[in-house]
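The exercises below are meant to be worked with the sequence and the coordinates open side by side. Each gives a task, followed by a solution in steps.

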Amino acid sequence: MKFDPYMYRYPSRRNLVFGKNGVVASASPLASQAGLDILKKGGNAIDAAVATATALTVVEPSGNGIGGDCFAIIWYEGKIYGINASGFAPENISREELLEKGEEISLYGLDSVTVPGAPGGWAALSERFGNLSLSETVEPAATIAEEGFPVAANVAALWKRYYGIYSAQLEKYPVLKTWFDTYCPDGRPLKAGELFKAPNHAKTLREIGRTNAESFYKGEIAEAIDAFSRENGGYLRKEDLAKYQPEWVKPLSTNYKGYDVWQLPPNGIGVIVLMALNNLEQMELQGKDDVETYHAQIEALKLAFEDGLEFIGDPLDEGLNVDLEQLLSKEWAKERTSQVTDEAMDPKPGKLPSSGTVYFSVADKDGNMVSFIQSCYTGFGSGAVVPDYGISLHNRGNQFSLKKDHPNEIKPGKRPYHTIIPGFLSQDGKAVGPFGVMGGPLQPQAHMQVVSSMVDFHLNPQGAIDAPRWQWTSGKSVQLEPSFPFHIAEALKRRGHNIQLLNETIMIGRGQIILQQDDGVYVAATEGRTDGYIVVW
């Protein structure tokens, strides 16, 4: 039977999904099922999160990979924890040398490759909180990679997009041939529904599981990454990998109208969500679909992003001194929002980047929950894939600034500004649940929109995800997705906003939410803009 997997003539609706003993909500049916398999095997939410994360590196390589970074907020036995598994710049990298190549670090090739943190994050989560071994939790992903899987429609669309991008860059960056060798076995991108096998990916996952990620940072895999980087003129070395450890961090929060909203501290941009909500709390909102509300949200977000771009860097950098307490204070929000008028303002921030990321949430029968996000930055990452191991190396180093004394100035051993953020809600010391929407600079914007929809306007989680999204890009420019109400778009134009109507939803973010009700039953929602899938037990 012939049909177009991207043509949907009629709108469809997703219902909320309820579960008692466990929930996994991700962008992939196969990844969600991998997490559920681990829950049924006796694993907890943390084990299931690792299983889902590793499965997503297989089935959604257009958004993440073994060679990327990850972050998570964990609610475990009534307490909240955070992990920052982002990597740092190689020790032998040089700002001056990079400046000779251009005004910013290239997205393609090996210059933008920082130490991959994801495998270390998986191992740390498994060791501290898991019921099962890392070897057990990565096996569902390894099996999928070994036996092959049909490519999802959204992933196939991105596969095609990056085929075009890397083709245009291949002559300048010959190392991209490794991407074509790995992901285009027939010389072309895979189409929706076609089978793809990744035996090298399976081998690497099993080696990570068997050694609790030691092989990735100090063993066989580290040697392979080092040799590949040296051969192709990269900066990353096995000595960098050997130094890596993920960081356990204390999540930050602000109270928004009775709910504690949690984010991770910098080098990520979660603090922008909290600042934006503080700003929004100072403003009077009208109805959900009212131009006054959208205008207030956009202006609140602009101010928060301007501050974030000005101050956010790696807190481990000794030269960086940022007063997060001041930035997150209600007094700061009052001062910042005092300049908001009925007209769109122009805060003149730095240029915002694009991205490729995966987000998912997990909950188990004991009330443990995980909000997890993982990325290779843009799509498949740098386009450099370690031969025989299937490791797509990320290009997060592109986010460093080459400007001297900038908070995000590139330095050896420093972590770059990070756009990927997991979110979590609690109330009166009790967990409400994990939430997140991936999508580069859209993420803090979508987090604010989702929280406001649920708290201010009492939308259920699915309604909060389904609501038409906007994305501020710079100055007075705002992108609206196709379903955005036309009359509100026109009203925003009259207020001075430079409105751009998008013709697709693929880059407007993808999210999941799991909330726990008073009786312990979970209610979950997932994204209709992609291949989102919820499994319950």
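**Exercise 1.** Determine whether Tyr 162 and Phe 380 are buried or exposed, and classify the geometry of the pair their rings make.

*Solution.* In this predicted model, Tyr 162 is buried, and Phe 380 is buried as well. The next step is to take up the rings themselves, since a pair of aromatic rings is described by the distance of the centres and the angle of the planes. For Tyr 162 and Phe 380 the centres lie 6.1 Å apart and the planes stand at 70°, so the pair is edge-to-face, given that angles over 60 degrees count as such. The final step is to place the two residues in the chain: Tyr 162 belongs to helix H6, whereas Phe 380 sits in the loop between strand S11 (369-377) and strand S12 (385-386), so that the pair links distant parts of the chain, 218 residues apart.

**Exercise 2.** Apply the same steps to Trp 159 and Phe 196, and then find which cluster of rings they join.

*Solution.* The structure holds 25 aromatic pairs. In the pair of Trp 159 and Phe 196, the ring centres are 5.2 Å apart and the planes are at 75°, so this pair is edge-to-face. Because Trp 159 lies in helix H6 and Phe 196 in strand S6 (residues 195-196), the pair ties together parts that are 37 residues apart in sequence. Both Trp 159 and Phe 196 are buried. Following the ring pairs onward leads to a cluster that includes Trp 159, Tyr 162, Phe 196 and Phe 380, with Tyr 108, Phe 149 and Trp 179 also among its members.

**Exercise 3.** Describe the largest pocket by its volume, its lining and the elements that contribute to the lining.

*Solution.* Start with the volume, which is about 960 Å³. The lining consists of 24 residues, and those nearest the centre of the pocket are Tyr 8, Thr 505, Gly 528, Arg 529 and Thr 530. Helix H6 (153-169) and helix H17 (461-466) are the elements that give two or more residues to this lining, and H6 provides the largest share, three residues. Sorted by character, the lining residues divide into nine nonpolar, seven polar and eight charged.

**Exercise 4.** Trace how strand S9 pairs with strand S8 and with strand S14.

*Solution.* Strand S8 (residues 252-256) pairs with strand S9 (residues 259-263) in the antiparallel sense over five bridges, and one of the bridge partners in S9 is Tyr 259, which faces Tyr 256. The two strands form a hairpin with two residues between them, and Lys 257 in the turn has a positive phi of about 55°. S9 also pairs with strand S14 (residues 423-427), again in the antiparallel sense, over three bridges, where Asp 260 stands opposite Ser 426.

Technical notes
Residues are numbered from 1 along each chain as its sequence is written. This is a predicted model: local features need pLDDT of at least 70, side-chain atom pairs count only at pLDDT 80 or more; totals for chains, interfaces and linings use all residues. Side-chain values use heavy atoms; hydrogens and water are left out. Two strands pair if DSSP finds at least two bridges between them. Helices (H or I, at least four residues) and strands (E, at least two) are DSSP runs, numbered from the N terminus. On a 1 Å grid over the protein atoms alone, a cavity is a set of points where a 1.4 Å probe fits but cannot get out, and a pocket is an open set with protein on both sides within 12 Å along at least five of seven lines; lining residues have an atom within 4 Å of a point. Grid points are joined across faces, edges and corners, and a volume is the space filled by probe spheres set on the points. Ala, Val, Leu, Ile, Met, Phe, Trp, Tyr, Cys and Pro count as nonpolar, Asp, Glu, Lys and Arg as charged, and the others, Gly among them, as polar. Rings of Phe, Tyr and Trp (its six-membered ring) pair if their centres lie within 6.5 Å; planes under 30 degrees apart count as stacked, over 60 as edge-to-face and the rest as tilted. Buried means under 20% relative accessible area, exposed over 50%, partly exposed in between (1.4 Å probe, protein chains only).
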